[in-house]
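User: I should like to learn how helix packing and nonpolar cores are read from a model. Please take me through the case shown here.

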Amino acid sequence: MGIIPYIVVSSILFICGIIVMIARKNIIAILLGIELVLNAAALNFVAFTKFNNMNIDGHVFALFIILVAAAEAAVGLAIVIRFFQVRESIHIDSATQLQS
Amino acid sequence: MNMFLMIIFTLSAFLAVGGALSVAFAKNLIHACVYLLFSLIGVAGLYLTLGAEFVAATQLVVYVGGVVVLLLFAIMLTGGSNLHHVTSRFGLESTPLMGNLRTYIMGIVTALLLIAVLCNVLQGSISASAVVESKFSSTVEQIGVKLVTDHILAFEISSVLLLGALVGAAIIARPYRSSETEN
């Protein structure tokens with residue numbers, strides 16, 4: 001089993017993430033799409049590190065990707081909750097001003 | 001042994017791909033979040049077949065235990081999924097804020113363009129990859145040594161990043177009224 005099946009799976013994850021990020025109008029749904037894209041990237045790192053260069057740098061990169069995704073989710077959801085308190089809406093098109 | 005790996009790969013790939021497609025096309029936001037959970041579990045299984053047990057465990061702990069629960073909390077704090085379907089004049093049902101046919105077409109076109117570009121970029125690496133199954137395993141010890149020798153700067157910076165994210169999230173999401181009384 002070569003690298004091709006992993007590339008196909010991670011491509012489908014990436015496609016679904018991009019579709020979610022562009023098609024949805026809900027800010028939290030867009031965050032779900034970002035998580036999918038980050039997972040596709042981490043899966044690519046781990047797959048290429050097994051089949052191409054045989055060291056574990058890719059694993060370390062995948063760990064850092066998971067870390068950054070967790071931090072991004074925390075701050076992003078805090079911003080979403082604050083935005084909902086101010087605007088009573090989570091439509092992406094109603095986020096047009098930096099200051100309420 | 002190879003057969004076992006094949007079964008795990010098939011199950012995990014099915015879970016990951018099906019979960020991702022369901023996230024993309026689910027009508028209900030909470031359902032999409034739960035499908036994301038299945039997709040993340042599938043990706044953890046794929047890590048297992050790639051010999052990355054520690055990354056798989058971290059994926060399960062951080063994503064499935066942390067991020068998805070956080071997303072569910074945020075969905076419920078912002079009103080949950082108010083399900084009043086809107087029927088357009090063509091008889092198509094749609095849920096507000098979850099996209100319509102036009103935005104889906106735009107998303108699919110953009111994703112296919114990006115995938116075409118990425119395939120062009122990655123062509124050399126994919127064709128240069130080894131097809132033979134090499135004996136490859138990574139232990140927690142190896143990853144730990146790597147983290148505190150080669151990647152020590154990124155390791156330390158990531159601790160500062162986590163602290164900043166924690167404090168920043170707590171400050172941003174504090175109750176709305178207290179900021180008015182302070183000012």
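Analyst: The discussion below treats helix packing, then the core, then one further helix. This is a predicted model, in which local features need pLDDT of at least 70, side-chain atom pairs count only at pLDDT 80 or more, and totals for chains, interfaces and linings use all residues. Residues are numbered from 1 along each chain as its sequence is written, and chains are lettered from A in the order in which they are written.

User: At what angle do helix 1 of chain A and helix 2 of chain A pack?

Analyst: Two packed helices are described by the angle between their axes and the distance between the axes. Here the angle is about 160 degrees and the axes, lines fitted to C-alpha atoms over the stretch in contact, are 8 Å apart. Helix 1 of chain A is therefore roughly antiparallel to helix 2 of chain A (over 145 degrees). Contacting residues (C-beta atoms within 7 Å) include A:L13 and A:G17 of helix 1 and A:L36 and A:A40 of helix 2.

User: Which residues touch the most other members of the largest nonpolar core?

Analyst: Such a core joins buried nonpolar residues through C-beta atoms within 7 Å; buried requires 20 or more other C-beta atoms within 10 Å. Among its 73 residues, A:I28, A:L32, B:V23 and B:L71 touch the most other members. Helix 2 of chain A gives the most to this core, 15 residues. Beyond neighbours within four places in sequence, A:I28 contacts residues of both chains, including A:V80, B:L71 and B:I75.

User: How many residues of helix 6 of chain B are buried?

Analyst: Two of its 21 residues are buried, so helix 6 of chain B is hardly covered.

Notes:
Buried ≥ 20, exposed ≤ 12 C-beta atoms within 10 Å, placed from the backbone. Helix = DSSP H or I, 4+ residues; strand = E, 2+ residues; numbered from the N terminus. Contact = placed C-beta atoms within 7 Å. Axes fitted to C-alpha atoms, helices over the stretch in contact; angles between N-to-C directions. Parallel < 35°, antiparallel > 145°, perpendicular 65-115°, else oblique.
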